[in-house]
Amino acid sequence: MEGGGKLAYSGGGLRHETKLLRSFSSVEPRRFGLGLIVGLLVVACAYFSTAKFDAVNIAMSKHQTSSSAVGISSPVNADDSSKQPLDLGVQDEGALPKEEIKAEKDDGSGISDSGVLDASAAPLNPATQGGKDEVPEKDDDPSAVAVLPPLSSDSADTTQESGVLEDQELQVQNAVAEAANPPESSNGISSSTNGSSPSVIPFPSDPAEIHALAPAPAIQAPADRIPEVETPPPPTPEIQAAPVQLTPPSPEVRQADLEAPPLPDWKPLCDVTSNHRIDWCELDGDVRVLGTNSTVTLVAPPGADARTFREESWRIKPYPRKADPNAMRNVREVTVRSVSGAAATPACTVRHDVPALVFSDRGYTGNYFHAYTDVVLPLFLTARQYSGEVLLLVADFQMWWLGKFLPVFKSLSNYEMVDLDADPRVHCFRRVQVGLTSHDDFSIDPTRSPTGESMLDFAAFLRAAYGLPRDVAWPASAGAANATAGKKTRPRLLVIARGRNRRFVNVEEIARGARKVGFDVSVSEGGHEVAPFAELANSCDAVVGVHGAGLTNMVFLPRGAVVIQVVPLGPMEFVASYFRGPSRDMGLRYLEYRIAPEESTLLDKYPREHPVIADPGSVKAKDWVSFMGVYLFEQDVRLDMKRFRPVLKKALSRLRAKPKNN
């Protein structure tokens, strides 16, 4: 390619040389000098054109070598050097270098709007090109490019006398323009495939044709390149699979999510061995309760097998005195069972979204102490966890008794209680418990309670259920107004006066002695209604009473109050414990006073040498009925105030002391 630029005008050198000699012999000296100048200009133009064309070819050859990987064709063979144009291979649009793409948008670059590389606009070495003036300006017509500056046009005679020179000059300009502006293909660059010789498009012979080039016929690319140029390649399997690969869940995970959780292993419906006080049952699933025949039925779920379901039947009395036949005699029995088919049970009449508790209000509930320890406290322990969203189903329904503790039931359930014996409907639930949780007499074990409740929580619950104002005993509860006014505040003592047995026979003397010590005193036996006596107990800071159900009202005392239990004559250690431990568990201060034989009315009935006075243990050893008949039902108390006064003083000092656990 190094001689390609000179072949365009070296063929007719001899003929033109002879013609120039003839012209020079007939020309005047003045014109001879002008012709000489013109000749020098022609030689200079030929030289610079050749250098410029070589520089373009060298630059393009380097560009072809560096761009062979992106589709620029190799140079053509140099055999036919007189007809070789500067040819570039077809290049994929997606493979154009970033520099060429950027230059395509720049009007002053070497790339035309159609994507054709313009050799005349490529920056060249100024030393080779002869200066900055030889770089052509961009014209409105992109095909018209001035390669050399125009010859001198001082007069028309100069042009006419140098006609022969102008012919040669036009040939030089034609060759230079053809080298600088190769014809465009349909995509701006001629194609070449697999290193073979490209098709050659001849240059136009007339320089004027450069200004209006006819569109060249599109050069067809080989078959294996057409899809890359005209249409995008079809999507490959990898591209189609990409969205699927981006989806996180796999078919196995989705299948596991749709599967129902496995059924747990079967466990017996009822527990009749772990609790010494009560038998109880838990049923979860399709549970149907029919009160008229006292049945609670669990229907087998779909897909149940021998591992997850068994048919069972139990007979339960839902009252926490199962070891006491006398207490359980009047408690109604409930049948708890599990069946495999829904057809074996009646259809649901009422469906509930909340669980249910089944219990009995019979047994010893007529006794005030047993009402709390056998029903009220176990119900609190069992139902508290549901925060009111539980239905109470009561067997052996006694409205007179339930009404007595109605504030308690309303605080534990948001729904009306159901008389299970008189209700003919079939109630359906997802969970039912038959029997209430019970730990011990008037006691709670926090480690066994469903949500960690204690007796302290039970006392606070009762104060809230009855709307009692005092949570803390004297002196912390003394009003700020009284302290500011300088009034003396005194703690208040409640003396529980029993009506039939174990009474204080000298209650007035006890009240006077307590006032002398420093108490304000109230004396009351209480009545059928719980609320009025609960308000009275809550207003006091200490309570004194002979062992009995009346001391149960200590549940309404404010925290830090003092409980004085007077233990009558006899082997009473066991029954005295009913209030000793629970009072401390409720945040109260406990004091105990054991009477002497002289303070018991039994000494009025039995001589001092009688076993009832001299050997109470022998009476207890006979049987419980004999013990109760003598020491609980036949005995009253006459307190010796000289002996009892120190206990009252100790109670007052306990109130003044700062509580240890509160």
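Here are some notes on a few helices, strands and side chains in this predicted model.

1. Let's start with helix α11, residues 368-383. Its 16 residues take it 21 Å from the first C-alpha to the last, close to the 22 Å expected at 1.5 Å a residue. There is still a bend of about 30° at V376, and a proline, P378, follows within four residues.

2. How covered is α11? Mostly covered: 16 of its 16 residues are buried. At the start of the helix, N367 places a side-chain oxygen within 2.9 Å of the backbone nitrogen of F369.

3. On to the aromatics, where the structure has 16 pairs. One of them is W401 with F405: the ring centres sit 5.1 Å apart with the planes at 50°, so this pair counts as tilted. Stacked would need planes under 30 degrees apart, and edge-to-face over 60. Both partners are hidden from solvent, W401 being buried at a relative accessible area of 1% and F405 being buried at 0%.

4. F627 and Y631 make another tilted pair, with 5.5 Å from centre to centre and 40° between the planes. Why are these two about one helical turn apart? Because they are four residues apart in helix α21, residues 624-632. The general rule fits here: an α-helix has 3.6 residues a turn, so residues three or four places apart point the same way. F627 and Y631 are both buried.

5. W401 and F405 also belong to a wider group. Together with Y368, Y372 and F409, they form one aromatic cluster. Given that α11 spans residues 368-383, have a look at Y368 and Y372 from the cluster when you have that helix on screen.

6. Next, strand β14, residues 562-567, which is mostly covered, with six of its six residues buried. What does that look like face by face? V562, I564 and V566 are buried on one side, while V563, Q565 and V567 are buried on the other, so both faces are covered. As a reminder, side chains in a regular strand alternate between the two faces of the sheet.

7. β14 has a partner in β13, residues 542-546: the two run parallel and are joined by five bridges. For a register check, A542 stands opposite V562 of β14. β14 also pairs with β15, residues 589-594, in the parallel sense, this time over six bridges. Here V566 is opposite Y593 of β15. To get from β14 to β15, the chain passes through helix α18, residues 573-585, in a right-handed β-α-β crossover.

8. The loop between β13 and β14 contains G560. Is this glycine buried or exposed? Buried, because its relative accessible area is 4%, against a cut-off of under 20%. The C-alpha atoms of G560 and M586 are 9.0 Å apart, although the two residues are separated by 26 residues along the chain.

9. Last one: S338, which lies in strand β5, residues 334-339. S338 is buried, with a relative accessible area of 2%. What does its side chain reach? One contact goes to the backbone oxygen of R310 at 2.6 Å, and another goes to the backbone nitrogen of E312 at 2.7 Å. Worth zooming in on S338 with R310 and E312 displayed together.

Technical notes: Residues numbered from 1 in each chain as written. Predicted model: local features only at pLDDT ≥ 70, side-chain atom pairs only at ≥ 80, totals over all residues. Heavy atoms only, no water. Expected span 1.5 Å × (residues − 1). Bend = angle between axes of the 7 residues up to and from the residue. Buried < 20%, exposed > 50% of the residue type's maximum accessible area, 1.4 Å probe, protein only. Polar contact = N/O pair within 3.5 Å; in protein donor to acceptor, adjacent residues only side chain to side chain. Phe/Tyr/Trp six-rings, centres within 6.5 Å; stacked < 30°, edge-to-face > 60°. Pairing = 2+ DSSP bridges. Right-handed = clockwise from strand over helix to strand, strands pointing away.
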